Amino acid sequence: LRGQRAGGAGPGAAAAGPGPGPAGADTVSAPAQGGGSAVIDMENMDDTSGSSFEDMGEMHQRMKEEEEEEAEGEAGAGEEEDGEFLGMKGLRGQLGRQVADQMWQVGKRQASRAFSLYANIDILRPYFDVEPVQVRARLLESMIPVKMINFPQKIAGELYGPLMLVFTLVAILLHGMKTSDTIIREGTLMGTAIGTCFGYWLGVSSFMYFLAYLCNAQITMVQMLSLLGYGLFGHCITLFVTYNIHFHSLFYIFWLVVGGLSTLRMVAVLVSRTVGHTQRLILCGTLAALHMLFLLYLHFAYHKVVEGILDTLEGPNMPPFQRVARDIPVVSNAILNTTAKAIALTL
Amino acid sequence: RHYGGYEYAQQGGFVPPDMVQQPYTGQIYQPTQSYSAASAQSFYGSSFEDEPPLLEELGINFDHIWQKTLTVLHPLKVADGSIMNETDLAGPMVFCLAFGATLLLAGKIQFGYVYGISAIGCLGMFCLLNLMSVTGVSFGCVASVLGYCLLPMILLSSFAIVFSLQGMMGIILTAGIIGWCSFSASKIFISALAMEGQQLLVAYPCALLYGVFALISIF
């Protein structure tokens, strides 16, 4: 292939460095002749482009046969001619190759343009520009409810802290699942944990943003994500403590105090940004309910306390998951008697 | 980015400061360079004796791997930012295999989990570091650093073969090793990306990732 390359394209490909080298080889290798241009030169179709010397002879032979067949019938010859337009042999010839190559180039260019447009994560860059001191301050602030609700409170539109808190919650959930030997039958532990936490963060944020839009509250999507993400700090603390120290009452205390504090903070911030009693009530009631119930769900779904509940419900005599042999002498005796009576009657 | 490294090597000797012997001036720095059209012509055109050794062609330099390993193992040693110029994945591959092998010795056949978590973790760190740093990073660089810093985790899992890690001592040892891994990784990242003052912010996601590896080792 390199020997057949035209002079113009040769020095460009052979002497280039590692970068342009492979790229140059790509574009030049497609047309065997024609100097490496991507434009299909229609003039070249008249000569032997693409076909070899033997094909020329075959083409002449076939054209002679077609002239002879014309006298007999034109329908058959016409079909043959379609496939052999100017000796190109249809899509398998030189024209087909050039068209396919050009379509591939255009498709690749469009795909890379679309990718760079939509998958551009640089639009998220300003939300990750934080200092460790800021993150620590915001974490502590998320547990302190604000008192001033008549003045719109400032929410930091930052995504690093919330994202790290969601991942921390995933890790704590995984740890809890492993220590309690939870078995997930459809799926993996990791997938379930990630799905639960990210689903809560993204789903409830979107739902609250939609409600805030309905209730005319002054909050943007990033701010909502940030607020709810920082609210997960209370969840992380509670679960971390109660997955390792298994006291029922301890969990309820933590649920009320820690969960309640972070919920109060989120609720206060939302209230300060909403006007009207009904709207405030809707927003805050929904957020408080979802937030507290999520903590309750996380504790009970992925923890060995599930077995403890079953124990207390069944009573002290019946250990859980144990088969007790059924004693049915009464039933079997009754069956025996009735069958005996039936046989006696027939006899 | 690796074109810059190619010119750098061409200037006649990139010498890591902790290397005491003669600097290696072969074609080792850019593993992809061996397959380019220019050098391929010179190699394939010559005779058998002129071909470079196999390891050099593959880009595996045991000496560099050893130097990088030492950098990871000394957490208090200052990392050189120029380590990141060469992305070599041979060392990380060896460490992942060794980690899987030590898990196998403990009776856990979980190679799939190790590879899956490392792939997803590298992807996540790649996105995060691209968002947090002024200059971007390449995926190979992130994978290389995270792979090298997996070495202390191999110590943990080999310890788990003989002793159970579920007691108090196991928890302390695990926490220490996770801290060691994430501290080394964040040290290399911030020295290479010039993100001063954000070491804790980079160390925390690394700690989460290595924590998941530790979970596999323990349970």
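**Exercise 1.** Classify L214(A): buried or exposed?

Solution. This is a predicted model, where local features need pLDDT of at least 70, side-chain atom pairs count only at pLDDT 80 or more, and totals for chains, interfaces and linings use all residues. Residues are numbered from 1 along each chain as written, chains are lettered from A in the order written, and side-chain values use heavy atoms, without hydrogens or water.
- Take the cut-offs: buried is under 20% relative accessible area, exposed over 50%, partly exposed in between (1.4 Å probe, protein chains only).
- L214(A) has a relative accessible area of 54%, so L214(A) is exposed.
- Place it: L214(A) belongs to helix α8, residues 189-214 of chain A. Helices are DSSP runs of H or I, at least four residues; strands are runs of E, at least two.

**Exercise 2.** Which residues form a nonpolar patch on the surface with L214(A)?

Solution.
- Patch members have over 30% relative accessible area and no salt bridge; nonpolar side chains are joined within 5 Å. A salt bridge is a Lys or Arg side-chain nitrogen within 4 Å of an Asp or Glu carboxyl oxygen.
- F207(A), F210(A) and Y213(A) join L214(A), with about 480 Å² of accessible area together (Shrake-Rupley, 1.4 Å probe).

**Exercise 3.** Describe the fold of chain B.

Solution.
- Count elements: ten helices, zero strands.
- Check burial: 48% of the 219 residues count as buried.
- Check contacts (heavy atoms within 4.5 Å): among those in chain B with a separation of 6 or more, 72% link residues 24 or more positions apart.
- Check surface: chain B exposes about 10800 Å², with 69% supplied by carbon and sulfur atoms.

Definitions and conventions:
Patch = residues over 30% accessible without salt bridge, like charges linked within 9 Å, V, L, I, M, F, W, Y side chains within 5 Å.
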